[in-house]
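Biologist: I am new to this structure and would like a close look at a single part of it, the place where the two chains meet. Please take me through it slowly.

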Amino acid sequence: MTDSIRIVGLNKVFPSPGGGSVHAVKDINLDIGAGKLVTLLGPSGCGKTTLLRMIAGFEEPSSGDLFFGERRMNEEPPNTRDTAMVFQSYAVFPHLNVFENVAFGLRLRHLPKAEIEAKVTRVLEQTGLEGYAKRSPNQLSGGQQQRVALARCIVMEPKVLLFDEPLSNLDAKLREQMRVEIRELQQRLGITSIYVTHDQVEAMSISDEIVIMKSGVVEQLGTPQEIYARPANRFVADFIGKANIVEARIAGKNTIEINGVSIGVPLVPELPAGAEVSAILRPEAIHLSAEGGQFRGIVRRVMFLGNIAEYLVEVDGLGNWLVDISNPAEAGLFQAGSQVFLEPSAGSIHILG
Amino acid sequence: MSGTARSQLRLLARDPVLLVLLTVIALSIAVFVVYPLVKVFMASLHVNDVWTLDGYRELAERRLYRNALVNSLSVAALVGIISVAIGYVAAFVLTRLEVPGKTLLHYITILPIVSPPFVSAVSILFLFGFNGLVTRQLLGLNDFSIYGFHGVVISQVFTFAPIAYLSLRGVLASLSPTLEDAALNIGATRWQTFWKVTFPLSLPGIASAFLVVFIESMADFGNPLVLAGAAFPMLAPQAYLEITGSFNLSRGATLAIVLLIPSMTAFAIQRYYLAKRQYITVTGKPTASTSKIVSNPMKWLLYGIVSFFAVLVTAFYAVIIVGAFTQVWGFNYTPTLAHFRYVFDVGLDSVKDTLIVAIVSTPISGILGMLVAFLVVRRVFPGRTALEFGSILSFAVPGTVVGIGYILAFNAPPIILTGTLAILVLCFVFRYVPVGIQSGIAVLRQIDPSIEEAAQNLGANGLTTFRKVTLPLIAPAFFSGLVYAFVRAMTAISAAIFLVSANWNLMTVQILNQVGSGRLGVSAAFSVVVIVIVLIAIGIISFLINRWTRHTSMVRFQ
């Protein structure tokens, strides 16, 4: 059966070669429900991989506790934790063929031959590897190797599945396809999964919940929608998607003022009128027109990306804003240097106190 | 700090098998590598039951010993320089130039590495001795003597230039040729490119190769014993003579310490200074490109030098083979099988003993080497650096020192091993394991650790991971460790000569005895048998390893 995971006050301090120490993971508390897929997302060096490796048992926590269900796992060696990990580099055994790679863990459990055969065959089918059983790993493409790594994990029917940036070595198209497959497989099997990535699109598309980390600390925990719509701070706002962070002032109940322009917004923190706040304006929630809008600006740069056009607009008195316009082929492009008017969609503005 | 050590041990204790193994290995290294050295050192300070420095004072006062030190040092220095020059040219030609017959030349050049210790010395006697083919029969010289400085130098260059070649080959192969291309591209001449780019980049490698040859030359026992002659004392044979001839253990030990100091110094420089200064310009792209910095005439000149060395090697071996089938060299060239009859009749026991010692010590040495490499690279534990150092220390300790150490350490309680098979096996295992360890470490450092983590993650404990994943992945290093251990066990003399007994005798010692009593034909026949066994064994080891890793197409042997 799959397990929930509970992390209580977990810390990891590495001695650094120069003498001092590096505090890689700082006092993290997390509850991961059974069967959920949770992503650890953050820039490199944020401690997400260290946290994952502590869950797998490859690193020992400096302090704090780790529970699978009710069981404390701190002292449990990695080979008896019943986790299964998909590594960034696939870590497929190069000296074993596909079948033997997948059968590796089962053989260590001394299962009967016929059972191993049956399980491996079924998992190879599930992962689209039927017909590759006798291949050697170096005859496989990167995507196929990643499937072998995945098959090798799920055949073990582990309590917890761990993914360490599993798709970062694949090309863009394959990456999208694989993340759909991983998500479907995970939901079908219902195994608690922790997925490390630095790619926010991957995190958004695959997760039940996202944990945003920075410098060893959890910045925010929430569903993809929550995190995108209501980022807890500037870092999260900027890291998840693109954001224009604009200085604003509380003008009254559900009203803010940006550079003298009053805008009604859905949610405003309980602050006195006149308090200075930041308004998060998403680029796709800004309307651009040739005349008539709340703000005026000059187009400084246009990038045509096919599905959208990405504008950099210098807004009078407010600096540069990013604006994304969808279906630009039909809407037509503003040229650099032309004057435009901008109108943020009030319902999408998020206020940070 | 002790807190870290404790937590490291606690982590390791989760894998009890590994912890036990580590303890056993650490203890054995202490007992079979370090303890004998300590015994030698103590014996050198303990003359006639008194603790004293008299041993060293006497050594400094007597001209014989002063000369022995100076002679050994100057031979080692000159042999180092010549060997590195030959090795560099050969490495450059065979890795960077487009010339015919590269593979053949490569194998001929490294052939002396697998040969028994007296091949070159006996060949030289056949060719340039009192009844030598060249000196006596061709040139008609009556008063030419090959014995002394020049004889030892020639013989050692022939023996050790291949080692310099192999090590410099690695250095030159890892230098990206695009650096030379870049220098030429911005207007340097070929000459400038070589002296300002290629040469400086290979300088640490050159120094390192020099020191390795220096260590080997200082430690060499066979060549000096045969070719130095009475008028040219050298340290290693002198220490042996003090013990077997004059039964003066403490004098032998003192000489051994004097022999040890330059070797250890060279080893320390090579390992802790030069190793950090090697320039390896790995780009991930194939670097096999032909050098453009050599003009055509220069290319063929260098090729000529390499070919000449290869011809010499071939000639030396041809002489040994012919000599083994010749009645009496210099007088009667009638073909005969008498020498081989002697080997398989009188000498049969030593053939069997040598094979048993080699067959027992090779797998132990091979697996121990890989295990130590695995522990050192992949596990964290207190004293890891000390373990690595202790396990490769014996590379720098001359065999003579080890041999004296073993008779001092294991001739009396608590551990009595003299005259047994065990003392020979233990000596060979710990003496020749460093090469396996070093190549294991080198290969393992290039293998993604997550492959082993994946095995653990799937339920394998430390030892299972080593057996089922690590060892197959480092098969090339395992192979070279096994081959090296076997070759050395078949060809070792300097330490073994102190440890053989009536029950356990070795072929190399037989060769030495035959040379000593002037029966060069028999010694040549013994050498041929050793070479044949070694070549067969390399074939068998390579076959077994290939079978064992037959799924592996990534792990291939050079």
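**Where chain B meets chain A**

Modeller: Between chain B and chain A, one salt bridge is counted in what is, it should be said at once, a predicted model. Its partners are Glu453(B) and Arg53(A), whose closest N and O atoms lie 2.7 Å apart. Beyond salt bridges, the polar contacts between chain B and chain A come to six residue pairs, counted where both residues have pLDDT 80 or more.

Turning to the helices on the chain B side, α1 (2-13), α20 (449-457) and α21 (462-473) each supply at least two of the residues that touch chain A, and α20(B) gives the most, with seven residues. Sorted by class, this side of chain B is made up of ten nonpolar, nine polar and five charged residues.

As for the extent of the contact, 24 residues of chain B and 26 residues of chain A take part in it. The size of an interface is often given as the accessible area lost when the parts come together, and here chain B and chain A bury about 2,400 Å² between them, with 59% of that area on carbon and sulfur atoms. Within chain B, the residues that lose the most area to chain A are Arg14(B), Asn457(B) and Leu458(B), which together account for 31% of what that side buries. Of these, Asn457(B) carries the number at which α20 (449-457) ends, and Glu453(B), the salt-bridge partner of Arg53(A), falls inside the range of that helix.

Conventions. Residues numbered from 1 in each chain as written. Chains lettered and ligands numbered in written order. Predicted model: local features only at pLDDT ≥ 70, side-chain atom pairs only at ≥ 80, totals over all residues. Heavy atoms only, no water. Contact = heavy atoms within 4.5 Å. Buried area = accessible area lost by both parts, 1.4 Å probe. Salt bridge = Lys/Arg side-chain N within 4 Å of Asp/Glu carboxyl O. Polar contact = N/O pair within 3.5 Å; in protein donor to acceptor, adjacent residues only side chain to side chain. Helix = DSSP H or I, 4+ residues; strand = E, 2+ residues; numbered from the N terminus. Nonpolar A, V, L, I, M, F, W, Y, C, P; charged D, E, K, R; others polar.
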